[in-house]
Amino acid sequence: MQGINGTLFCYGQTSSGKTFTMEGVREDNNLKGIIPRMMEYICDLIPRASSDIEFGVKCQFYQIYNEKIQDLLDTRKTDLSIREDKTKGIWVEDCSEVYVTSKEEMYNVFQCGSNNRTVSATEMNKGSSRSHSLFSVTLFQRNTITGSTQSANLYFVDLAGSEKMSKTGIEGGMGLKEAQNINKSLMTLGMVINALTEGASHIPFRDSKLTRVLQESLGGNSQTTLIITCSPSMLNQSESLSTLRFGQRAKLIKNKVVANTQKSAKELLIQLNKANLKIKQLENIIGKIE
């Protein structure tokens, strides 16, 4: 609501509760996930805002599967490209955008994409996520009196779980390829975080589609929160320890957050007139002193 970008992502081994943390059970207030809660919160805040503000809300939902970006709202789009420019930053080209006007519409968009997400059974999880999913909400604001605008992107990233082949029972074929790509992208994410915390001259954002998409969220213009999920089983002790060390490292990253506000020509002209008036006042004071 203040024009600041936000990112929230879950990291942890497979079957540790990442997707449940994000989605939960919408019908149960105690088990409701973060995304449904966010939808309700935004839709409660908008009516409380000043009547001079116009709002627009749009959603995107895509997944990174085997290092390809796939649109979850239009399954015909299977290999989308990442673009970047100075004004828009980083975005996924041709990805579907759906405008919504209520929390029900927003949730229906999310549910549609969630149903298209790639999952399969492993020995650790009968519905294991085999892709990284990114659900984004963009909130536009326009002041009808001054003409100024403000926007903010909110990203919810549900990462696929890191996994050991010996525990998941994956031996070959497509399942092995999926696991290799998952582990590779998560390893690159770890390398990026290490490079950022150590102040390295080169940050390997482009080594993975995941880190490239999250470039602004990691050390850029975004308030980013990382949720660590760990298994309570002693069988997974080493993975839990590795996950916690990842989180400890990520906490050292410092982002520089700037509100995405654009003043109108009318506002800029008022500021210019005020500055000119101030300059004349200072010139008069200097002239009297001389």
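## Salt bridges, cores and a surface patch

D158 and R117 pair up in a salt bridge, with their closest N and O atoms 2.7 Å apart. This bridge links distant parts of the chain, as D158 sits in strand β10 (residues 149-158) and R117 in the loop between α3 (103-115) and β7 (119-120), 41 residues apart. Both D158 and R117 are buried. Please keep in mind that this is a predicted model.

**Salt bridges**

- The count comes to eight salt bridges, and two more of them are described here alongside the D158 pair.
- R83 and E93 meet through their side chains in a salt bridge, at 3.1 Å from N to O. R83 belongs to strand β4 (residues 82-85) and E93 to the loop between β5 (89-92) and β6 (98-100), so the pair ties together parts that are ten residues apart in sequence.
- R83 is partly exposed, having a relative accessible area of 36%, and E93 is partly exposed too, at 28%.
- R249 and E198 also form a salt bridge between their side chains, with 2.7 Å from N to O. Here two helices are linked: R249 is in α7 (residues 237-250) and E198 in α5 (residues 173-198), 51 residues apart.
- In this helix pair, R249 counts as partly exposed at 29% relative accessibility, whereas E198 is exposed, with a relative accessible area of 56%.
- As general background, side chains of opposite charge can pair when their charged atoms come close.

**Nonpolar cores**

- The largest nonpolar core has 27 residues, and Y62, I69, L134, L159, L189, V213 and L218 have the most contacts inside it.
- Two or more residues of this core come from each of β1 (6-12), β2 (53-65), β5, α5, α6 (209-213) and α7. Helix α5 gives the largest share, five residues.
- For a closer look at one member, take L189: leaving aside neighbours within four places in sequence, L189 is in contact with F9, Y11, L159, L210, T211, L218 and F246.
- Another core, of 21 residues, lies apart from the largest one; C10, L72, V100 and M106 are among its members.
- In soluble globular proteins, nonpolar side chains tend to be buried together.

**A nonpolar patch on the surface**

- F20, V25 and L31 form a nonpolar patch on the surface, and together they have about 250 Å² of accessible area.
- Within this patch, V25 is found in the loop between α1 (18-23) and α2 (34-45). V25 counts as partly exposed, at 31% relative accessibility.

Note on methods:
Residues numbered from 1 in each chain as written. Predicted model: local features only at pLDDT ≥ 70, side-chain atom pairs only at ≥ 80, totals over all residues. Heavy atoms only, no water. Salt bridge = Lys/Arg side-chain N within 4 Å of Asp/Glu carboxyl O. Helix = DSSP H or I, 4+ residues; strand = E, 2+ residues; numbered from the N terminus. Buried < 20%, exposed > 50% of the residue type's maximum accessible area, 1.4 Å probe, protein only. Patch = residues over 30% accessible without salt bridge, like charges linked within 9 Å, V, L, I, M, F, W, Y side chains within 5 Å. Areas by Shrake-Rupley, 256 points an atom, 1.4 Å probe, with all protein chains shown as cover. Core = buried A, V, L, I, M, F, W, Y, C linked by side-chain atoms within 4.5 Å. Contact = heavy atoms within 4.5 Å.
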